[in-house]
Amino acid sequence: MESDNNPRTIAAIAPRPRLPPRPIDELYKLPPYALVTPAEAGLVTRLTVSALAVRRSKGHWPPYVKIGRLVRYVLEQLLAAPKGP
């Protein structure tokens, strides 16, 4: 029987700390090739994080980059007007 002090069990239960998104004025000061989180992309595009996830699953704008399991957006592509409907 496993102990309750198993580090894998504790890590699975403990919430991961998350950094808040950068303020919008700070995002606009970044270089155009900067990668931003979905929360920050939501601030720029005025879409929710869940709306961005739905758009990713359907292959719609905005384009994204996967780094391992992380999703990131290129700031320049977020600031450009979407092409098509």
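Three strands form an open sheet in this predicted model. Their order is S1-S3-S2, and the pairing is antiparallel. Strand S1 covers residues 35-36 and strand S2 covers residues 65-67; both stand at the edges with a single partner strand each, so one side of each has no neighbour in the sheet. Strands of a sheet pair through backbone hydrogen bonds, in either a parallel or an antiparallel way.

The two pairings can be taken in turn. S1 and strand S3, which spans residues 70-74, pair in the antiparallel sense over 2 bridges. Here valine 36 stands opposite tyrosine 73 of S3. On the other side, S2 and S3 run antiparallel and are joined by 3 bridges. Lysine 66 has valine 71 in S3 as its bridge partner. S2 and S3 form a hairpin with 2 residues between the strands, and in this hairpin glycine 68 takes a positive phi near 65°.

The sheet is one part of a chain with 5 helices and 3 strands. Along the sequence, these elements follow the pattern α-α-β-α-α-β-β-α. The protein chain has 85 residues, of which 19% count as buried. Its accessible surface comes to about 6800 Å², and carbon and sulfur atoms hold 59% of that area. Among the contacts with a separation of 6 or more, 41% come from residues 24 or more positions apart.

Which helix packs on the sheet, touching S1 and S3? The answer is helix H3, residues 38-45, whose direction makes about 35° with that of S3. H3 is mostly covered, with 6 of its 8 residues buried. These buried residues are Pro38, Glu40, Ala41, Gly42, Val44 and Thr45. They pack against S1 and S3, and also against helix H2 (24-28), H4 and helix H5 (75-79).

Aspartate 25 lies in helix H2. With a relative accessibility of 46%, aspartate 25 counts as partly exposed, because the partly exposed range runs between 20% and 50%. Aspartate 25 and valine 44 are 19 residues apart in sequence, and their C-alpha atoms are 9.9 Å apart in space. Valine 44 is one of the buried residues of H3.

Is tyrosine 73 buried or exposed? Tyrosine 73, whose place is in strand S3, has a relative accessibility of 0% and therefore counts as buried. Leaving aside residues up to four places away in sequence, tyrosine 73 touches a set of residues that includes Leu35, Val36, Pro38, Ala41, Leu52, Arg56, Pro62, Tyr64 and Leu78. Of these, Pro38 and Ala41 are among the buried residues of H3. Glutamate 40, another buried residue of that helix, is 33 residues from tyrosine 73 in sequence and 8.9 Å from it in space, C-alpha to C-alpha.

Two of the residues touched by tyrosine 73, Arg56 and Tyr64, also meet each other through a charge and a ring. The charged end of arginine 56 sits over the ring of tyrosine 64, at 5.9 Å from the ring centre. As for pairs of aromatic rings, the structure holds 0 of them.

Some parts of the backbone deserve a separate look. Most residues other than glycine have a negative phi, and most peptide bonds are trans. Where does arginine 46 lie? Arginine 46 is in the loop between H3 and H4. Its phi is positive, about 60°, although it is not a glycine. Arginine 46 counts as exposed because its relative accessibility is 78%, and exposed means over 50%. Thus the mostly covered helix H3 is followed by a residue with a positive phi.

The other case concerns a peptide bond. Tryptophan 61 and proline 62 are joined by a cis peptide bond, with omega at about 5°. Proline 62 has its place in the loop between helix H4 (49-58) and S2. Proline 62 is also one of the residues that tyrosine 73 touches, which leads back to strand S3 of the sheet.

Conventions:
Residues are numbered from 1 along each chain as its sequence is written. This is a predicted model: local features need pLDDT of at least 70, side-chain atom pairs count only at pLDDT 80 or more; totals for chains, interfaces and linings use all residues. Side-chain values use heavy atoms; hydrogens and water are left out. Rings of Phe, Tyr and Trp (its six-membered ring) pair if their centres lie within 6.5 Å; planes under 30 degrees apart count as stacked, over 60 as edge-to-face and the rest as tilted. A charge sits over a ring if NZ of Lys or CZ of Arg is within 6 Å of the ring centre and within 35 degrees of the ring normal. Helices (H or I, at least four residues) and strands (E, at least two) are DSSP runs, numbered from the N terminus. Buried means under 20% relative accessible area, exposed over 50%, partly exposed in between (1.4 Å probe, protein chains only). Contact means heavy atoms within 4.5 Å. Accessible areas come from the Shrake-Rupley method with a 1.4 Å probe; for residues, only the protein chains shown count as cover. Two strands pair if DSSP finds at least two bridges between them. Axes are lines fitted to C-alpha atoms, for helices over the stretch in contact, and angles run from 0 to 180 degrees between N-to-C directions.
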